[in-house]
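Visitor: I am new to this structure. Please take one loop as a starting point, look at it closely, and then work outward to the other parts.

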Amino acid sequence: MYDVIIIGAGVSGCAAARELSRYQYSTLVLEKCSDVAEGTSKANSGIVHAGFDNEPGSLMAKMNVRGNAMMEQLSKELDFPFIRNGSLVLCFDADDEYKLEDLKKRGEANGVPVLRILSGDQVREMEPNISDKVTAALYAPTGGIVCPFNLTIALAENAADNGVEFRLGTEVTDIKKKDGFYQVVAGGEEYSARVVINAAGVYADKFHNMVSEDKMTIIPRKGEYCLMDSTVGDFVHSTVFQLPTAYGKGVLVTPTVHGNLLTGPTATDIDDKEGVNTTAEGMNELLKKAELSTPNLPRREIITSFSGLRAHRPEHDFVIEEVDGAPGFVDVAGMESPGLSSAPAVGQYVAEIVQGILPAEEKTDFIGTRKGIPQMRYASFDERKKQIEKDPAYGNVICRCCTVTEGEIVNAIHRTLGATTVDGIKRRTGAGMGRCQSGFCNPRVVEILARELGVDEEQITKKGPGSQFLEGYDKEGIRA
């Protein structure tokens, strides 16, 4: 019997876990994938929105602005990359400039500070690669960029350090209401809890509908992206949006905290909740739209493409509440954009709800900080020297594109909630994220994982069961 079970180890579930770990709760996180941040939380824009485009009074607006204000301090406490680079919303027709004024008023109503309307010339002075067709833009200095999976991993590690239990590769298949608690079936085992938090992303409707007569619908909204090499990471410095449409904020062009250039997403409603394939049509659409903002977009520097699914509700607002008729069951649903920006505030809000249902004392020994993996790529000469003297493995470069060392990979494996897959190493260290997309470093990463985990290389996977790299030996005894 646990006090709280959280379904889903994405950014919302991990933010809730971290906040609940401040209190005297026994908390369990159940995640069907082999790692945290395997769903929407790993495949999005990495944008910390300022909060000017949400409907005033909506939960999205409240959580976005509050989460944005919390992100910088949280990044210092949990040691993940965050940059407040500002954002621009571009207007291409003088007749539409009133829409920028409307956005500015909406943002001010939401509590977004220091919003300004800039002329086209002022925008191009800030961002020389912006189109000559831009007539004006809304500038929001509080906009930012973050690494979405490093944020999620940091929240999860800190929660685990404070006693939260994580069971990965454990899919929830059934939930039953009992007298005063819930019985959750996952991975063939039964778990019981007084409170269940449903943070299951595109599957949140499935679990909500198991306990409620008032049915919920979550529509997977697919967004495709193109990622460009770090050689063009300074093509723009701000996050560049276009005036929003009914399908969202449109295609953006932005730097990333890792030094790359990113453009996307498209917006296509689909039926498949695992439909994360990319398409030629999607790539052509997003690049064409991106070039409206930045005509000289460096297409030749594209190193990969990917897609993610947003958990869209037709009502287009977050649902963060105890379910009517299901006491103790708390939905954290419809967490599409600005879900990432809102995560710190969502975690706090969920903890407040749980405190109202099942009050608990605060811990006196809560650990409020977490230290990330030392990154040789960004370290100074003296910092590298000191780290290598402490551990020579930090001098052995494994990923040449991103200067990721053996020491960093070993650290990623043995730390709290350590990596067990190649993708887990990639998200924690950046190994394989460069121009060659793991073409050179992947065999060494597989070798190090097998060595450190004490398993055969055939057991190492990309992202869990069914994604093995090696199937055995050929007739000459060579791995194949």
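Guide: Helices and strands here are DSSP runs, numbered from the N terminus: a helix is a run of H or I with at least four residues, and a strand is a run of E with at least two. The model is a predicted one, in which local features need pLDDT of at least 70 and side-chain atom pairs count only at pLDDT 80 or more, while totals for chains, interfaces and linings use all residues. Residues are numbered from 1 along each chain as its sequence is written, and side-chain values use heavy atoms, with hydrogens and water left out.

The loop to start from is the one between β21 (397-399) and β22 (404-405), where Thr403 is found. Thr403 has a phi near 50°, a positive value in a residue other than glycine. Burial is judged by relative accessible area with a 1.4 Å probe on protein chains only: under 20% is buried, over 50% is exposed, and what falls in between is partly exposed. Thr403 counts as partly exposed because its relative accessibility is 25%.

Another positive phi in a residue other than glycine belongs to Val114, near 45°. Val114 lies in the loop between α3 (97-110) and β6 (116-119). At 56% relative accessibility, Val114 counts as exposed.

The cysteines come next. A disulfide is a covalent bond between the sulfur atoms of two cysteines. Here a disulfide is counted when a pair of cysteine sulfur atoms lies within 2.5 Å, and the count by this rule is zero. Cys401 is partly exposed, at 36% relative accessibility. The cysteine sulfur closest to that of Cys401 is in Cys436, 3.8 Å away, so the two are too far apart for a bond. Cys147 is buried, with a relative accessible area of 0%. Its closest cysteine sulfur is in Cys402, and because the separation is 12 Å, there is no bond.

Now the sheet. Strands pair if DSSP finds at least two bridges between them. One open sheet has three strands in the order β3-β8-β4, paired antiparallel. Its edge strands, which pair on one side only, are β3 (47-48) and β4 (82-83). Strand β8 covers residues 144-146 and is joined to β3 by two bridges. One residue of β3, Ile47, has Ile145 of β8 as its bridge partner.

The nonpolar packing is described by cores: a nonpolar core is a set of buried Ala, Val, Leu, Ile, Met, Phe, Trp, Tyr and Cys residues joined through side-chain atoms within 4.5 Å. The largest such core has 89 residues, and Ile6, Phe80, Leu151, Ile197, Ile320 and Ile425 touch the most other members. Helix α8 (residues 339-357) supplies the largest share of this core, eight residues. Another core lies apart from it and has 22 residues, including Leu88, Leu261, Leu286 and Leu297. In the largest core, one residue to follow is Leu151. Contact means heavy atoms within 4.5 Å. Beyond its neighbours within four places in sequence, Leu151 is in contact with Val11, Met71, Leu74, Phe80, Val146 and Leu340.

Val11 is one of the buried residues of α1, as are Cys14 and Leu20. Helix α1 (residues 11-20) is largely enclosed by the rest of the structure, because ten of its ten residues are buried.

Two serines sit in loops on either side of β3. Ser34 is in the loop between β2 (27-30) and β3, and Ser58 is in the loop between β3 and α2 (59-78). Ser34 is buried, with a relative accessible area of 17%. Not counting residues up to four places away in sequence, Ser34 touches Leu168, Gly169, Thr420, Thr421, Lys463 and Gly464. A polar contact is a pair of N or O atoms within 3.5 Å; within protein, one must be able to donate a hydrogen and the other to accept it, and residues adjacent in sequence count only if both atoms are side-chain atoms. A polar atom of the Ser34 side chain lies 3.0 Å from the backbone oxygen of Lys463.

Ser58 counts as buried at 11% relative accessibility. Its side chain reaches the backbone oxygen of Glu55 at 2.6 Å.

Last come two cis peptide bonds. One joins Gly264 and Pro265, with omega about -10°, and Pro265 is in the loop between β16 (261-264) and β17 (268-269). The other runs from Ser337 to Pro338, with omega near 10°, and Pro338 is in the loop between β20 (329-333) and α8.
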